[in-house]
Amino acid sequence: MVKQNNMAPKVGMVSLGCPKALVDSERIITQLRSEGYQIAPDYEGADAVIVNTCGFIDSAKQESLDAITEALDENGKVIVTGCMGVNPEDIEAMPSAVLSISGPQDVDTVMAAVRRALPLQYDPFTELLPPQGIKLTPRHYAYLKISEGCNHKCSFCIIPSMRGKLRSRYLADILQEAEALAAAGVKELLIISQDTSAYGIDIKHESQLWRGAVYNNSLLDLCRALAELGIWVRLHYVYPYPHVEHIIPLMSEGKLLPYIDVPFQHASYQVLKAMRRPASSDNTLAQIERWRSLCPELVIRSTFIVGFPGESEQDFELLLSFLRDAQLDRVGCFQYSAVEGATANQLANPVPEQLKQERWDRFMQLQQEISEDKLEQKVGQTLTILIDEIDHERALGRSYADAPEIDGCVQVLGEHNLHVGDMVDVCIEDATEYDLIATLAD
Ligand code: SF4
């Protein structure tokens, strides 16, 4: 249970409508209390008011509009949720603006609006949970989720049917979490979502104030704002939409790590079409070349699927040729396997298991050679690394080129006094297929 903090902001709740709406109000109040907010019994004592509306019939709509007007007059800071949020035109046409409008069962959007309007001050003597929440990652890095759901319909994937359409978090909400993580000692943020490039499309890239500056809820502005934290920021699941090109200069300026994780999945137009992949243009190589001309040290990571239904030998050769030309730095490859409920299950011409394995072996052999060459080129360089693990003989760290869990690492040999979470410079002495061997720089 969260202890009462008399300094915590107070939120009022006006709940209208049916029992389903009442349950939504209860969920919101539960969440408010669990985060440490107090509940105000009247307008006067409230720092903001939530109005949970009903839009069932005209008289219910009018009652909701009257309640919003009253809350605006009496308090001024009003967050609207519930059935009237589905068609928000009447609320948007009101003479005074409300802070946020959301539909029924959308506790996340309501809470994001509350946190923006009334940020909590963390008191370690009275609060049980740290402001950055409880993390399962080591203290020095953390995943930061910027949106949920996806607007695409890739035929091998069931995420959109499980998690729904894209719902972006507001920039200020993300930055509040990012700041709390940085203050708690996190040195590297890994930005994740189902489709990072699509961030903010659903909230129409609205502009928003954060620490006195105006930002749009767009990936570019989010990256600019995250760069202000002065810690490593690494982007995952970036689809190669044209606007990504505007993010790359932030990497060459040292504001973001020059690392981009782009799930290409295949290179054959026929296979990408059957996969119904977003942004599957045939000029991917030209795009990669442009990114590299903007940021020569850029490391590109990707994942691929081999043995997708209908993949011919020619399609597979195209994929290998793409790999040779693209010279990607980090690559993962999966053999296609059916997922219950995915539309790809109905596709004709499944690839036999043995052939999938053969293709996977050929793919991995080629990528291993590319990876070896690329890592060999790093020998002699000095790199900054973040230490993840220490054992008796060596310390294991990662440079900007290595994401945790999925990429290789830098093994630091020799005497050292390093600790997990240290950031140090090392000289690269040698390379294996996927890892680098280093000693501490002087
Ligand atoms: S694989 Fe496709 S549908 Fe699935 S989450 Fe990614 S972009 Fe969305």
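**Exercise 1. Work out which residues of helix α7 are buried and what they pack against.**

Step 1: pin down the terms. Helices (H or I, at least four residues) and strands (E, at least two) are DSSP runs, numbered from the N terminus. A residue is buried if 20 or more other C-beta atoms lie within 10 Å of its own, exposed if 12 or fewer, and partly exposed in between, with C-beta atoms placed from the backbone.

Step 2: go through α7, residues 219-227. Its buried residues are Leu219, Asp221, Leu222, Cys223, Ala225 and Leu226.

Step 3: find their partners. Contact here has a cut-off too: C-beta atoms, placed from the backbone, within 7 Å. The buried residues of α7 pack against two helices' worth of ranges, α6 (171-183) and α8 (248-252), plus the strands β9 (188-192), β10 (207-210), β11 (213-216) and β12.

**Exercise 2. Decide how far to trust the coordinates.**

Step 1: this is a predicted model, where local features need pLDDT of at least 70, side-chain atom pairs count only at pLDDT 80 or more, and totals for chains, interfaces and linings use all residues. Residues are numbered from 1 along each chain as its sequence is written.

Step 2: pLDDT is the predictor's confidence in each residue, from 0 to 100. The chain's mean is 90, with 95% of its residues at 70 or more.

Step 3: look at the extremes. Confidence bottoms out in α1, at a mean of 82, and peaks in strand β12 (residues 232-235), at 98.

**Exercise 3. Lay out the open sheet and the helices on it.**

Step 1: strands pair if DSSP finds at least two bridges between them. Five strands line up as β2-β1-β3-β4-β5, with parallel pairing. The edges belong to β2 (38-40) and β5 (100-101); each has a single partner strand, so one side of each lacks a neighbour in the sheet.

Step 2: zoom in on β3 (residues 48-53) and β4 (residues 78-82), joined by 5 bridges. Here Val51 sits opposite Val80 in β4.

Step 3: add helices. Angles run from 0 to 180 degrees between N-to-C directions, with axes fitted to C-alpha atoms, for helices over the stretch in contact. Helix α1 (residues 19-35) lies across β1 (10-15), β2, β3 and β4, at about 175 degrees to β1. Helix α4 (residues 107-117) touches β1, β3, β4 and β5, and makes about 175 degrees with β4.

**Exercise 4. Is Leu436 buried or exposed?**

Step 1: Leu436 is in strand β20 (residues 436-440).

Step 2: Leu436 is buried because 27 other C-beta atoms lie within 10 Å.
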